[in-house]
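This briefing covers the ligand site first, then the sheets and the helices that lie across them.

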Amino acid sequence: MFSPILGASMLKRAQAKKKVTIKVHDLRTYTKDKHKKVDDRPFGGGPGMVMMAQPIFDAVRKIKGRRDAKVILLCPAGTPLTQRKARSLAKLKNLILVCGHYEGVDHRVETDVIDETISIGDYVLTGGELPAMVLVDCVTRLIPGVLGDSESLTEESFEANLLDYPHYTRPANFRGKKVPNVLLSGNHDAVKKWRSEQAIVRTGKKRPDLLKS
Ligand code: 9D3
């Protein structure tokens with residue numbers, strides 16, 4: 001599940017440039033069960049399976065070694081991921097991301113090995129794997145030197161809590177739909193003004209909640 005994401009695009013370049021090291025660990029390596037079981041039935045009954053504490057405890061201890069690391073559990077009950085949170089995580093040296101699966105993780109993991117819990121939004125996924133990749137993507141692109149000069153300024157809009165302005169590329173006329181004249185004018189001040197107005201108008205239409213905060 002992870003290799004196609006980690007081996008493509010920005011994440012691939014960031015790793016190649018040694019800006020980040022991303023390692024994937026299989027929990028089954030750490031099970032003490034002869035059938036490599038990492039989940040079991042819930043105490044108290046009910047549907048689904050619960051991830052056992054022991055493999056996660058042992059995995060986190062081993063992976064940490066002597067290093068200091070923040071241990072994050074991806075779970076539906078976590079704090080929603082924001083750009084602010086991504087910026088603060090990007091400053092840290094080591095992160096260990098624990099992916100839940102099945103109905104959940106034995107609660108003693110959350111209380112005894114996890115530093116914080118993060119969700120990527122209010123919709124139901126099958127496990128924490130894709131959320132972990134989402135987190136890795138949005139944190140990695142914030143590490144200095146990962147993005148090229150041309151890409152790095154694009155942050156501005158979200159920085160101001162606004163949506164992006166509309167983008168256009170060639171041709172200037174596509175099926176009779178024309179690119180706004182100001183963008184062809186060569187007047188950089190006018191372009192700047194138009195884009196900032198458009199960002200605000202667009203945010204008001206699509207995400208009025210962003211303007212209220
Ligand atoms: C009926 C209770 N469900 C909680 C909403 C059970 C449940 C659903 C999905 C338990 C685990 C999961 C798997 N999801 C994740 O591990 C997960 C997740 C998600 O589903 N949505 C958004 N962010 C995340 S981070 C981890």
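**Ligand site and sheets**

Strand 3 (70-80) and strand 6 (116-119) each contribute at least two residues to the shell around the ligand. The model is a predicted one. Strand 3 is the top contributor, giving 3 residues to that shell. Strand 3 and strand 6 also belong to an open sheet of 3 strands.

**Shell around the ligand**

- There are 16 residues around the ligand, and those that come nearest are Glu103, Ile120, Gly121, Tyr123 and Leu125.
- Sorted by class, the shell consists of 10 nonpolar, 5 polar and 1 charged residues.

**Polar contacts and cover**

- A nitrogen atom of the ligand lies 2.8 Å from a backbone N or O atom of tyrosine 123.
- Leucine 125 has a polar backbone atom 2.9 Å from an oxygen atom of the ligand.
- Glycine 128 places a polar backbone atom 3.3 Å from an oxygen atom of the ligand.
- On its own the ligand has 570 Å² of accessible area, and the protein covers 72% of this.

**Sheet with strands 4, 3 and 6**

- This open sheet has 3 strands in the order 4-3-6, and the pairing is parallel.
- Strand 4 (95-99) and strand 6 are the edges; each has a single partner strand, so one side of each has no neighbour in the sheet.
- From one strand to the next, the twist averages 45°.
- Strand 3 and strand 6 run parallel and are joined by 5 bridges.
- Opposite leucine 74 stands isoleucine 118, in strand 6.

**Helices across this sheet**

- Helix 3 (residues 53-64) lies across strand 3 and strand 4, and runs at about 160° to strand 4.
- Helix 6 (residues 129-140) lies across strand 3, strand 4 and strand 6.
- The angle of helix 6 to strand 4 is about 155°.

**Sheet with strands 1, 2 and 5**

- A further open sheet has 3 strands in the order 1-2-5, and its pairing is mixed.
- Strand 1 (39-40) and strand 5 (104-105) are the edge strands, each pairing on one side only.
- Strand 2 (residues 50-51) and strand 5 run parallel, with 2 bridges joining them.
- Valine 50 has glycine 104, in strand 5, as its bridge partner.

Definitions and conventions: Residues numbered from 1 in each chain as written. Predicted model: local features only at pLDDT ≥ 70, side-chain atom pairs only at ≥ 80, totals over all residues. Heavy atoms only, no water. Near = heavy atom within 4 Å. Polar contact = N/O pair within 3.5 Å; in protein donor to acceptor, adjacent residues only side chain to side chain. Areas by Shrake-Rupley, 256 points an atom, 1.4 Å probe, with all protein chains shown as cover. Helix = DSSP H or I, 4+ residues; strand = E, 2+ residues; numbered from the N terminus. Nonpolar A, V, L, I, M, F, W, Y, C, P; charged D, E, K, R; others polar. Pairing = 2+ DSSP bridges. Axes fitted to C-alpha atoms, helices over the stretch in contact; angles between N-to-C directions. Contact = heavy atoms within 4.5 Å.
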